[in-house]
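Q: I am new to reading protein models. Could you pick one part of this one, look at it closely with me, and then show me how to read a few other spots in the same way?

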Amino acid sequence: MSKYCPTCISAKNELGETTAEYDVWYSGHKIFCQINHVGTLEAMEMKAAAKIRSHLEACGFRYTTLLSDGDAKTHEFLNSLKIYGPDVEILKEECINHISKRLGTSLRNLVKDWRAKGITIGKKSYGSLKETTIKKLTQHYQKAILENKGVIQGMKKSIYATLYHSISTDKNPMHMKCPPGKDSWCFYRRALAKDEKPAPHKFNIGTPINPDYFTKIVSIYQKLASDSLLNGCARCLTQNSNESLHSVIWSKCSKETSAKPRCVNIAVSEAVSEYNFGTLKALKEIQKAANLDIGEEAVQIAATRDYRRKKERNRQSNLAFRIARRKVKLANMRKEKYSKKKEGITYSTGFFKHKCKKKR
């Protein structure tokens, strides 16, 4: 879908949008105009989804499930249209990558909201909601969903276990939802299973949270551990394959600039062909359909691209590479944290202006 037609723009500049000449010209151009969407860019996604599903219905099959990231009201819009009739409801499934990010976003917003009230809960002290703690809690939340695929109550129990584990102290251990056994990830339950005295909480909890913050945080966890939300995560689906295809499309037709529908259609067709069959095979099929010969250099370039893509995919799927990448990421985070601590506050909205006024 497109809101852009270069011919219309040229005509408006030359004739003037409000002139009679433009109206006469547009009446003849209307059937050839490349604009097929009138409205906001935000509404384009749900309109496109409705259009795709209506076309697929004509082909003899239906999409009755929508994998969504929750950013647009596409699911609500499709059900309101009753595309497949009043008795067929389109179900919604959640992308667990986007769902897990909601926890981090909600906790960061919570820190900002309380800071605006004059209460700081995101300090660097032990038990505060600092950035490293929020990132780890987000990872634990996603892991709790993945490890309990298809079991909603198991997901819920594991999610709450990460919260109660984090607010536990030596005086008030809250590990009742943590998994028991000698192989448990919880140091407290692991020690009990071995008939040992649990070690101090301060040195064994990676995401410590001040128990006083529990009432502020629990509502976020209740929302993100609700049955209605977790039912959409039952199959633990992600939009990784979609995002991967989108990156191939955008490499051929940038999403940052407007383009003609024809250019977009060509880019999508080429990207889908390359994504499914590889660059070399897609090139051969396209050239064959166009009755064109393929040069040796084009074949070599296409084969090289396929080789590099396979090599990179194998490298990224390797466990050792993933562990090494995680270590590099953590090392960079520690380095950044050390630099900020060493340099102090170097940028903050209105901070230095306020300081200067005080000195005067």
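A: Let's start with one residue: glutamine 287 touches Leu292, Asp293 and Ile294, leaving aside residues up to four places away in sequence. Please keep in mind that this is a predicted model. Glutamine 287 sits in helix H13. Its relative accessibility is 19%, and buried means under 20%, so glutamine 287 counts as buried.

Now look at the helix that holds this residue and at its partner. Helix H12 covers residues 261-277 and helix H13 covers residues 279-289; their axes come within 7 Å and cross at roughly 130°. Angles over 145 degrees count as roughly antiparallel, and 65 to 115 as roughly perpendicular; H12 and H13 are therefore oblique to each other. Their crossing is right-handed. On the H12 side, Glu270, Ser273, Glu274 and Phe277 take part, and they meet Thr279, Lys281, Ala282 and Ile286 of H13. Sorted by character, the residues of this contact are 3 nonpolar, 2 polar and 3 charged.

Helix H9 (residues 214-224) is a good next stop. Its buried residues are Phe214, Lys216, Ile217, Val218, Ile220, Tyr221 and Leu224. These buried residues pack against helices H5, H6, H7 and H10.

The loops hold something to notice as well. Most residues other than glycine have a negative phi. Aspartate 195, in the loop between helix H8 and H9, has a positive phi of about 60° although it is not a glycine. Cysteine 236, in the loop between H10 and helix H11, also has a positive phi, of about 55°. Their surroundings can be read from accessibility: aspartate 195 counts as exposed at 73%, whereas cysteine 236 counts as buried at 14%.

Since we have met a cysteine, let's finish with disulfides. A search of the whole structure finds 0 of them. To count, two cysteine sulfur atoms must be within 2.5 Å. The closest cysteine sulfur to that of cysteine 8 belongs to cysteine 33, and at 3.5 Å it is too far for a bond. For cysteine 178, the closest cysteine sulfur is in cysteine 186, and 3.7 Å is again too far for a bond. Cysteine 8 counts as buried at 4% relative accessibility, and cysteine 178 counts as buried at 2%.

Note on methods
Residues are numbered from 1 along each chain as its sequence is written. This is a predicted model: local features need pLDDT of at least 70, side-chain atom pairs count only at pLDDT 80 or more; totals for chains, interfaces and linings use all residues. Side-chain values use heavy atoms; hydrogens and water are left out. Buried means under 20% relative accessible area, exposed over 50%, partly exposed in between (1.4 Å probe, protein chains only). Axes are lines fitted to C-alpha atoms, for helices over the stretch in contact, and angles run from 0 to 180 degrees between N-to-C directions. Helices (H or I, at least four residues) and strands (E, at least two) are DSSP runs, numbered from the N terminus. Angles under 35 degrees count as roughly parallel, over 145 as roughly antiparallel, 65 to 115 as roughly perpendicular and the rest as oblique. A crossing is left-handed if the near helix is turned anticlockwise from the far one by less than a right angle, and right-handed if clockwise. Contact means heavy atoms within 4.5 Å. Ala, Val, Leu, Ile, Met, Phe, Trp, Tyr, Cys and Pro count as nonpolar, Asp, Glu, Lys and Arg as charged, and the others, Gly among them, as polar.
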